[in-house]
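Open your viewer and keep the selection panel at hand. The tour goes one selection at a time.

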Amino acid sequence: MSGGLRVDWRVSCSLVGTVVKWLWVPLCLPLVLALYDGTALTPFLVPMALTAVVGFGLERLAETRDLRAREAFLMVSLTWLSIALVGAVPFVVAGVGTLAHPVYALFEAMSGVTTTGATVVTDFGAHARAIHLWRATLQWLGGLGILVLATAVLSQLSVGGAQLMETESQAQDVDKLTPRMSNTAALLWKIYVALTALLVVLLSGLHVVGLAPEMTPYDALAHAFTTISTSGFSPRGTSIAAFSPAVQWTLVPFMIVGATSFVLIYAVSRGNVGRLRRSDEFRFYVGVLAFFALAVCAIRALDAGPGVPFERTARHAVFQVVSITTTTGYASTDFNTWSASAKHLLFVCMFIGGMAGSTTCSIKALRWLVVIKSFRRDLFVATTPSAIRPVRLSGEPIDEETVRDIYAYTLISLLFFGVATIFVVLDAARVGVVLTEFEAMSAAASTFFNIGPAFGVAGPMANYAGFPTTTTFVMTLLMWVGRIEILPVLVLLTPSFWRS
Amino acid sequence: MRVLIVGAGEVGSSIAADLSDSHEVVVVDVDADYVEQLQYDLDVLPVQGDGTESDVLEEAGVADADIVIASTDDDETNLAVCGTAATLADPFTIARVQKTAYLRTWRRTQRAFDVDFMVCTDLLTAQSIVRLIEFPTATDVDPFSSGRVQMAEFEVDPESEIAGQTVQAADRFESLTFAAVVEDGEATIPTGETVLTGGSKVLVIGTPDSVESFAAAVAPSSAAASVDDIVVVGGGQQGLLVAERLEERGFRPRLIEHDETRARDLAEQLPKTTVMAHDATDADFLAAENVGDADVVIACLDSDEKCLLVSLLSKRLGAGRAIASIETPEYVSLFETVGIDVAVNPREVTAEEITRFTRERRAENVAIVEPGEAEVLEVEVDDESVLAGRPIREAVADLPSEVVIGAITRDDTVITPRGDTVVEVGDHVVVFVPTGAQAAIAEKL
């Protein structure tokens, strides 16, 4: 314990240093493309040098690596923040378009590493291909980071019921997180890479056979990166609308898989397909997707009237529901032009999210399922006061404290969304920008729940540069807080966290 | 055969009584009074001393013993007795335990703690209670041949369709044999002309399906409705085991346990059971929870008096049947007179199971019908048996006349024995044997 603080911040910073130190590796990817394209190399060489210096410096802060709950919370928060800071450097150094502005660069980098997909890029063509590849790489890293975070760290810190995630072993060893972290990371890393590689091959295959003329190998890589991580950056200003229907249909299952618990995927890859059927959360997740897809499809079919091919209506409805619910944020069409009822359903989808233990964001199917189940239980107990009925998930009883954590998490998420909306409205009014309430609400939800596009000014074919800089800065913080499940950042704000 | 029984309590002395007529029985107990009492009551050799001590076991002749039965009320003592006996000699060891944890451990190797056969009192009790629920009018049900054959004892209800009929008229069930009719505690072998009077008990042997259809026929037409709503009172180990077994059979029982922490624990272990935390002797609570609507109420509380109280309260509210687990043997028949439909005594169930296992080397399974009156045995036919290779009509001439062949299982199929059925070597025969004929049966089958 150093300097009268209860939290050993040196340990946290030292671990952050280790993460930052290794960031030169992913920076090589856009660097190679920049070499190939003959575009500027400095945007990538500068952060490479920076990560080496800062990373090694931070790492030397502490000798020991004993990570306890407090240090873990601090480390998690700082890791996401520092990767966003490093990730913003190439945008600033390149100095092209809106991204040259430091606040916008940080917004873009944070949107990347939090797998959000909200962008402030106004002119997609102005940026080098290497910069676009860096945006995609950041998201891919963010997706991998969240997998490790969710399965290895948050589940052990019992954040908002994250301990319920279907882990293979339930070793509860909060004192020493590090060994388990590396084991789980190694396991998920392989599945994550395999899925990405599979999608690259499929998309390139479509290009080769002529079904996807726009999908060059570069596009295939960039989109595979941002699909499996359910993030949603695209080098194209028109997102997935720039590609053929074959590409759009191909991406749908991969977005669904990206938002499926990777522990389940691991079980299935081991031949244990029955786990899918036995998982209450998976059934709920798929059921919700199917319900909203059908509902939006029906509305769109009614809106369109006769004459419009049904395949197109169904494709866009399914794609958009999957894209928003899994928190990817791709657009296969400008859904901002859809009828109010279809847009409102998509808005509701923002609050659901995919399964816990995946790259998805938002509140997640697991929490909604527990909220619904415990509410049903409460109704039963209201009529039979002496009955004792534990809430069960896939047959396993959940302890009451976890149920309470999940209720609290869900409520805090909605509270955050409400406060964020108020801020967006007030800040816009301050600078005289006229926003409808739907625009403000959807932009707040889209950034806080890490989805990407909103409706109106920040619609799928537009960007977030229309908001005041103060709003974009606050949204940067919202993405950060929302991505790492709120609590790791919130606990840092409590005095008892720091004081001894 | 030499049988050494450690523990002369109710279980031990009951086993000793059942075995002493045909075996050499030695009973060991620490309590000198028990030992002395046994000496007067039974033809057994009593030894006073601690059965976990090697000196005592050696004095009791463990070296010559074929079977050692540890039947004290203490689990750890019983395990130690078996361990000690296995160290001194090589007898077949049988241990009685209360804790299911020991049973679970033992099942992993079937040899743990040096125990060759382990019986768990609460599990046996739970099993026999659940069998009683499956046959609402049965007073006793025992499985044979891994459950492919059942022996069941029914009380003929005066209002049922078969009351007053002759056996010949009532015998219209596929693969079912009428083994005995018990009136006033006396078992007789029925002939075609025997009349099944209301209030008498009939003992049938057959496939579970045929026993089930017979169960419907002996029941009064009003009770024919199937059992659906079951309330278990008392969430001890016995209550938990009963609820678990009921869940396995597709029931969704209710369970009442007064201790809230225990109730929460039970609720987590029993997904299909509605667990309620309340005192079950509270009549208002029972009324508010509509326990009167229950088809069966099972009382498994730790006190016999409370079991009686709960049973009577629920019966008064309108519950269909009351089954209770009653620890004190003297209460069993008394409580059945007062209003409990079936009182199950865990010690009796345990003693029966141990006796059944011990009885005869070749007898695989035994059910005691009326203590001291008759029993039902399952025997594997070998080539020295009088039954082997002959039609039953011829073979029965060599057997005592009171013996009834109830069912034959051959390669997993059940054969209903008729006069011309030929029994083959390897068949399993379930026979009804009155006490007097046991020695002859042991020799000839």
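Which strands of chain B does helix 9 lie across? Bear in mind that this is a predicted model. Select residues 237-248 of chain B: that is helix 9. The helix lies across strand 12, strand 13 (254-257), strand 15 and strand 16 (321-325) of chain B. Its direction is at about 160° to strand 12 of chain B.

Next, select residues 230-233 and 296-299 of chain B. These are strand 12 and strand 15, a parallel pair with 4 bridges. Zoom in on V233(B). Opposite this residue, in strand 15 of chain B, stands A299(B).

Now show the whole sheet. It is open and has 7 strands, with mixed pairing. Trace the order: 1(A)-14(B)-13(B)-12(B)-15(B)-16(B)-17(B). At the edges are strand 1 of chain A and strand 17 (342-344) of chain B, each paired on one side only.

Go to the edge at chain A. Select residues 387-388 of chain A and 274-277 of chain B. Strand 1 of chain A and strand 14 of chain B run antiparallel here, joined by 2 bridges. Centre on I388(A): V275(B), in strand 14 of chain B, is opposite.

Widen the selection to the contact between the chains. Chain A gives 8 residues and chain B gives 10. On the side of chain A, 4 are nonpolar, 2 polar and 2 charged.

Last, colour chain B by domain. Use 2-115 for domain 1, 137-224 for domain 2, 230-349 for domain 3 and 357-444 for domain 4. Domains 2 and 3 of chain B have their C-alpha centres 27 Å apart.

Definitions and conventions: Residues are numbered from 1 along each chain as its sequence is written. Chains are lettered from A and ligands numbered from 1 in the order in which they are written. This is a predicted model: local features need pLDDT of at least 70, side-chain atom pairs count only at pLDDT 80 or more; totals for chains, interfaces and linings use all residues. Domain bounds come from an automatic or database domain assignment. Two residues are in contact if their C-beta atoms, placed from the backbone, lie within 7 Å. Ala, Val, Leu, Ile, Met, Phe, Trp, Tyr, Cys and Pro count as nonpolar, Asp, Glu, Lys and Arg as charged, and the others, Gly among them, as polar. Two strands pair if DSSP finds at least two bridges between them. Axes are lines fitted to C-alpha atoms, for helices over the stretch in contact, and angles run from 0 to 180 degrees between N-to-C directions.
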